[in-house]
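Trainee: I am new to this structure and would be grateful for a close look at a single part of it. Could you choose one strand, describe its surroundings in full, and then place that part in its wider setting?

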2 protein chains.
Amino acid sequence: MPELRKDPILGRWIIISTERGKRPTDFIVEQSTSKGGFCPLCPGNENTTPPEVLSYGRSNPTPNTPGWTLRVVPNKYPALIIEGDLDKEGDGIYDKMNGIGAHEVLVETPSHNEAFTYLPPDRMIQVFWAFRDRLVDLGRDPRFRYVMIFKNYGRPAGASLEHSHAQLVALPILPRMIVSELDGGLSYYRYKERCIFCDIIRQEIKQGVRVVCENDYFITITPFAPRSPFEMWILPKRHASSFISLDEGGFRALTEIFSESMRRLDKCIPNVPYNFVLHGAPLRSQPLEHFHWHFEIMPKLTMMAGFEWGSGFYINPVPPEDAARFLREVRL
Amino acid sequence: MPELRKDPILGRWIIISTERGKRPTDFIVEQSTSKGGFCPLCPGNENTTPPEVLSYGRSNPTPNTPGWTLRVVPNKYPALIIEGDLDKEGDGIYDKMNGIGAHEVLVETPSHNEAFTYLPPDRMIQVFWAFRDRLVDLGRDPRFRYVMIFKNYGRPAGASLEHSHAQLVALPILPRMIVSELDGGLSYYRYKERCIFCDIIRQEIKQGVRVVCENDYFITITPFAPRSPFEMWILPKRHASSFISLDEGGFRALTEIFSESMRRLDKCIPNVPYNFVLHGAPLRSQPLEHFHWHFEIMPKLTMMAGFEWGSGFYINPVPPEDAARFLREVRL
């Protein structure tokens, strides 16, 4: 049974997930896993994953068979498990709870070698619809407070399977990063009575130097204080705290700007490993005036990731104004 | 001129350091730097580094010549620069200041292939004395509020030079991680009137399951909520907020436990890349009842570093009780 544990000094939660590896020697092996070979996410291998919880595109009625264009399955090696009641417990100075949650894999395409960045728009939009469908469904479970949606691309960014996929983790607690954003947004709102993200968007549009691209609904910027070279944020221009409030035109516009942003990044640094994370309001939250949903895209340029990880202090050799200019000027 | 910039939502500072790399293509090269070849940290090449600010062991009086056993030099490619006045500035919603600071390289040994972990005690202790000497010296500069002392070992942990070295970064601001620890420690102290780290040490000694090793002055534990498999903290048993308060017996005891802890780790996961970071009170701080200096040692097991980096949420496949048992039981 996995366990959620809280650092008593920082209030940071971590998951102890013993399903995933155990002895010191496991790490030596894991660092050099080979490419190629059998892929559990390819069509024809549906029976090697847990039964699907969602699929799009299949014309025949039988689940877990080929013919799908997108498929969501529980992770075979989940960080958290879905069965059981939440059970919170203290141990002296420490707090923990059992690791109830969901961990799902969203297979973005049936083609093993197709990258997310180059999915055609009518296929990429399915990925965002699936995010929404899973958010709505998992949000019905009162044990969960947040669904973290993210993608790891490339081994340096933590991807253990080549076949293009995103992941969803439903959590009984709020992740520290979201708590910090909610807190920061709230203290700004109390002072200014405006959303800090809306103010950022206004200033970015006015100054222009950190804008990568935009359309009617969205803007992509390189943030003023980026942790990583070529970090990008995609924000809706109209205030909204939750991703699931997006309308159909919004989904099309999101697909357009996400696709363009990723292709610009890939042209600048071909095949760069990256993570993206959806930042949204907690599940079942009322609309919040002080929080603004968005995507954060972080290229993983390993040479930069030294002590920052341990200290919370980042050194970035590329000013975001330079990165935005490279991203804007690259030929698509 | 480097620049310090603050994320307006999270209050997180980052360094934009344009001395270190610039164009997108630089990253492709940097990811595959070759081993071997010329080493600027080896004896005989003293003139290829900036002039030393400290050295130990040289019998002749001429600086920047061979014969040293330990040497501290300014970083040739500094993240921050030492000359100039602090200049804080706003830009609409954003805050920045010029990148005043110091960035030094501490060469731990004249031998190119000698690892920190296996330095003999009389040589490893010099590393800790040098930390102290530089902390005292840099602490005299009123522009600096904190000196971050850390080590990257192995390329996956961010080391760009093979030759064993640590780094010091003097900062005009407090790093976020230290602010969070000070805040967390203070709110616990207000409630309990005890140091949270002292309470942790008491509970760890009582329970025993996360203790790696200890001596009269220090204890090494795997923390209750570790970010990384085999993460270790080395804490002084007697309350102290600043590293520089350590006495001579303390330096010997620190060397003994640090050496033992690192050798245990290396036996468990041979040649594992790691970072360690010294966490101490701000420069020129009064002794603090609510903060407790310590070292954090984080093995870098790359497969674990996926979305955690982007979300602040860590998944750890090894319970610290298991890690501590492996570390305790390994044969030295």
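Mentor: The following account begins with the chain as a whole, turns to one strand and its partners, and then widens to the domains, the loops and a sheet shared by the two chains.

The model is predicted. The secondary structure of chain A consists of seven helices and 15 strands. For its 332 residues the globule rule gives 20 Å, and the radius of gyration of chain A is 20 Å, so the chain is as compact as a globular protein of that length. The C-alpha trace of chain A spans about 50 × 50 × 40 Å along its principal axes. Of the 332 residues in chain A, 50% are buried. Among the contacts in chain A with a separation of 6 or more, 68% are between residues 24 or more positions apart.

The part chosen for the close look is strand 8 of chain A, residues 146-153. Is this strand enclosed or open to its surroundings? Eight of its eight residues are buried, so strand 8 of chain A is largely enclosed by the rest of the structure. The cut-off behind this reading is that a residue is buried if 20 or more other C-beta atoms lie within 10 Å of its own.

In a regular strand, side chains alternate between the two faces of the sheet. In strand 8 of chain A both faces are covered. One side holds Tyr146(A), Met148(A), Phe150(A) and Asn152(A), while the other holds Val147(A), Ile149(A), Lys151(A) and Tyr153(A), and all of these are buried. The charged residue Lys151(A) is thus listed among the buried residues of the strand.

Which strands pair with strand 8 of chain A? Strands of a sheet pair through backbone hydrogen bonds, in either a parallel or an antiparallel sense. Strand 9 of chain A, residues 165-171, runs antiparallel to strand 8 of chain A and is joined to it by five bridges. Within this pairing, Met148(A) has Val169(A) as its bridge partner in strand 9 of chain A. Strand 13 of chain A, residues 274-279, also pairs with strand 8 of chain A in the antiparallel sense, over five bridges. Here the bridge partner of Lys151(A) is Phe276(A) in strand 13 of chain A.

These pairings may be set against the domain assignment. Domain 1 of chain A covers 3-28 + 39-175, and domain 2 of chain A covers 177-329. The C-alpha centres of the two domains lie 22 Å apart. Each domain gives 26 residues to the contact between them. On the side of domain 1 of chain A that touches domain 2 of chain A, helix 2 (121-138) and strand 8 of chain A are the elements that give two or more residues. Helix 2 of chain A gives the most to that side, with nine residues. By class, this side of domain 1 of chain A has 18 nonpolar, four polar and four charged residues.

In chain B, two loops next to strand 8 can be examined. Asp141(B) lies in the loop between helix 2 (121-138) and strand 8 of chain B. Asp141(B) is partly exposed, with 16 other C-beta atoms within 10 Å. The C-alpha atoms of Asp141(B) and Leu171(B) are separated by 11 Å, although the two residues are 30 residues apart along the chain. Gly158(B) lies in the loop between strand 8 (146-153) and strand 9 (165-171) of chain B. Gly158(B) is buried, with 24 other C-beta atoms within 10 Å. Asn275(B) is 117 residues from Gly158(B) along the chain, and their C-alpha atoms are separated by 8.4 Å.

Finally, there is a sheet to which both chains contribute. This open sheet of five strands has the order 15(A)-2(B)-1(B)-6(B)-5(B), with mixed pairing. Strand 15 (314-316) of chain A and strand 5 (88-91) of chain B stand at its edges, each with a single partner strand, so one side of each is left without a neighbour in the sheet. On average, neighbouring strands of this sheet are turned by 30 degrees against each other, direction ignored. Strand 15 of chain A pairs in the parallel sense with strand 2 of chain B, residues 13-16, over three bridges. In that pairing, Ile16(B) of strand 2 of chain B is the bridge partner of Asn316(A).

Notes: Residues are numbered from 1 along each chain as its sequence is written. Chains are lettered from A and ligands numbered from 1 in the order in which they are written. This is a predicted model: local features need pLDDT of at least 70, side-chain atom pairs count only at pLDDT 80 or more; totals for chains, interfaces and linings use all residues. Helices (H or I, at least four residues) and strands (E, at least two) are DSSP runs, numbered from the N terminus. The radius of gyration is taken over C-alpha atoms; the globule rule is 2.2 Å times the number of residues to the power 0.38. A residue is buried if 20 or more other C-beta atoms lie within 10 Å of its own, exposed if 12 or fewer, and partly exposed in between; C-beta atoms are placed from the backbone. Two residues are in contact if their C-beta atoms, placed from the backbone, lie within 7 Å. Two strands pair if DSSP finds at least two bridges between them. Axes are lines fitted to C-alpha atoms, for helices over the stretch in contact, and angles run from 0 to 180 degrees between N-to-C directions. Domain bounds come from an automatic or database domain assignment.
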